[in-house]
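Subject: Structure handover and notes on helix packing

Dear colleague,

I am passing on the structure we spoke about, together with some notes on what was found in it. Please open it alongside this message, so that each residue can be looked up as you read.

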Amino acid sequence: FFGYGYIFGGLFGGALADRKGPRFVWITFVTLWSIFVALTAYAGDLSIAVFGGSAMLGFFVVRAVFGFAEGPSFVAMSRTLANWVSPKERTFTSSITLIGTPLGSIITAPLAVFLLSVTNWRVTLVLLGVLGIIWVLIFARIFTNQPEDHPRVNAAELAEIREDVASVDEVHGSQDKGRWLDFFKNPSYLYNTAGFFGISYIIFMLLTWTPKYLQDVYGMSLSSLWYLGMIPWIGPLFTTPLGGRIADMIFVRTGNLRLARNSVASVSLLLSGVCFVLIPQTNTMAGALTLMALGNSAALASNSIYWSNLIDIDPSRTGTCGGVMHFLGQIASMAAPTFTGILVSSYGYNAGFMVAGIICLVAMLCTSQVRFEKSKQLEKIVVRAK
């Protein structure tokens, strides 16, 4: 249910980030998703009161709107990076931001167990919604769309941020704002999206099926899942920024953006694919969790690559094209849990892991084909690097 709204939220949020700026998108959509997190506690009651029917219908509506509101988060992040970060530091900065994905996955289970132990599930959801609103208020006082607008950014800092920018249009976006159709005119966007789909499939498969897998295959109880479910997400805390740092280092040393980005993405997807293909060969929970952890760590090492590529293919249309990439790539948020469920029901869990591994390997081949058009901005950085 979440996934249906999520993919469309990114599509519209990306275009909105180009037109209104990321600050507007962040404040509007984080407020909306916080409200609907809290409303989840009463989704069934609202459904019966409003629709007079099944409680499940209310849950679908609330979850879908929540997903729609969270959809613009990554594309707004990408627009923010295009505005605020020098190209030579863009991949590493993106990777620091993307640590939120594994970090959130790690802290969710113990936090939820704690809140449920001292309150109940309704209060837990309401508290999480209230925390979101509080963060919006803090964020609104701190964040600006451009470093030029921020009172605490001095002239020296601004000069460093803008030193490799060829024109104002490359930062602020051209007057001819991007259209969704522009995305499909450049094959590199499609290859890049294939890589993003690959890691998204891994993320959503692990998020939705790891607890059930441990229960069904190894008989683990719910009380033990809060810490076992954390294991696959510890490694990505370190590999996500590491992948970004390595890509930026290769670029600075060689001046070859394609080598820097494609090599990191291809190696990470190759290692991830191999790990998931090997899971059916192990017969122990420790072995399976180890391979899941290694595969997830390898996959998320390339997470920042796809968002950095998006910016450097065309900085002025980052939000719009990012929305399309998010829409297509995050089809995995529906495909992974659904398709894995079909495979598990028909052939067992091993089939689900094998298919995930194969998807990673196909994504690896696609990412190796991403190309970047030469621009004045990149030419300046290459000269500086040499």
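What follows goes through three helix pairs and then a handful of single residues.

Please keep in mind throughout that this is a predicted model.

Helix pairs

Two packed helices are described by the angle between their axes and the distance between the axes, and the three pairs below are reported in those terms.

I begin with helix α16, residues 257–278, and helix α17, residues 285–300, whose axes come within 7 Å and cross at roughly 160°. Since angles over 145 degrees count as roughly antiparallel, α16 and α17 are therefore roughly antiparallel to each other. The crossing in which α16 passes α17 is left-handed. On the α16 side the contact is formed by S268, L271, S272, C275, F276 and L278, and these meet L291, M292, L294, G295, N296, A298 and A299 on the α17 side. By residue type, the contact of α16 with α17 comprises nine nonpolar and four polar residues, with no charged ones.

The second pair is made up of helix α1, residues 2–20, and helix α5, residues 73–84, with axes that come within 7 Å and cross at roughly 25°. That angle makes α1 roughly parallel to α5, because angles under 35 degrees are counted in that way. Here the crossing is right-handed. From α1, the residues Y6, G10, G13, G14, A17 and D18 meet F74, V75 and R79 of α5. The residues in this contact of α1 with α5 divide into four nonpolar, three polar and two charged.

The third pair joins helix α18, residues 303–313, to helix α19, residues 318–329, and in this case the axes come within 9 Å and cross at roughly 140°. An angle of that kind leaves α18 and α19 oblique to each other, and their crossing is right-handed. The contact is made by Y306, W307, L310 and I311 of α18, together with T318, C321, G322, M325 and H326 of α19. Six of the residues in the contact of α18 with α19 are nonpolar and three are polar, while no charged residue takes part.

Single residues

I turn next to A288, which is found in helix α17. With a relative accessible area of 1%, A288 is buried. Leaving out residues up to four places away in sequence, A288 touches Y213, Y218, I279 and T282. The C-alpha atoms of A288 and L214 are separated by 9.7 Å, although the two residues are 74 residues apart along the chain.

T239 has its place in helix α15, residues 236–254, and counts as buried at 18% relative accessibility, given that the limit for buried is under 20%. The side chain of T239 reaches the backbone oxygen of S297 at 2.7 Å. Again without residues up to four places away in sequence, T239 touches S297 and A301.

G255 sits in the loop between α15 and α16 and, at 13% relative accessibility, counts as buried. G255 and K88 are 167 residues apart in sequence, with their C-alpha atoms 9.9 Å apart in space.

F372 lies in another loop, the one between α21 (349–367) and α22 (376–385), and is buried, with a relative accessible area of 16%. Once its neighbours within four places in sequence are set aside, F372 is in contact with L257, R258, R261, N309, D312 and I313. For a longer separation, the C-alpha atoms of F372 and L289 are separated by 37 Å, with the two residues lying 83 residues apart along the chain.

Finally, F24 has its place in helix α2, residues 22–39, and counts as partly exposed at 37% relative accessibility. F24 and T144 are 120 residues apart in sequence and, from C-alpha to C-alpha, 9.6 Å apart in space.

With best regards

Note on methods. Residues are numbered from 1 along each chain as its sequence is written. This is a predicted model: local features need pLDDT of at least 70, side-chain atom pairs count only at pLDDT 80 or more; totals for chains, interfaces and linings use all residues. Side-chain values use heavy atoms; hydrogens and water are left out. Axes are lines fitted to C-alpha atoms, for helices over the stretch in contact, and angles run from 0 to 180 degrees between N-to-C directions. Helices (H or I, at least four residues) and strands (E, at least two) are DSSP runs, numbered from the N terminus. Angles under 35 degrees count as roughly parallel, over 145 as roughly antiparallel, 65 to 115 as roughly perpendicular and the rest as oblique. A crossing is left-handed if the near helix is turned anticlockwise from the far one by less than a right angle, and right-handed if clockwise. Contact means heavy atoms within 4.5 Å. Ala, Val, Leu, Ile, Met, Phe, Trp, Tyr, Cys and Pro count as nonpolar, Asp, Glu, Lys and Arg as charged, and the others, Gly among them, as polar. Buried means under 20% relative accessible area, exposed over 50%, partly exposed in between (1.4 Å probe, protein chains only). A polar contact is a pair of N or O atoms within 3.5 Å; within protein, one must be able to donate a hydrogen and the other to accept it, and residues adjacent in sequence count only if both atoms are side-chain atoms.
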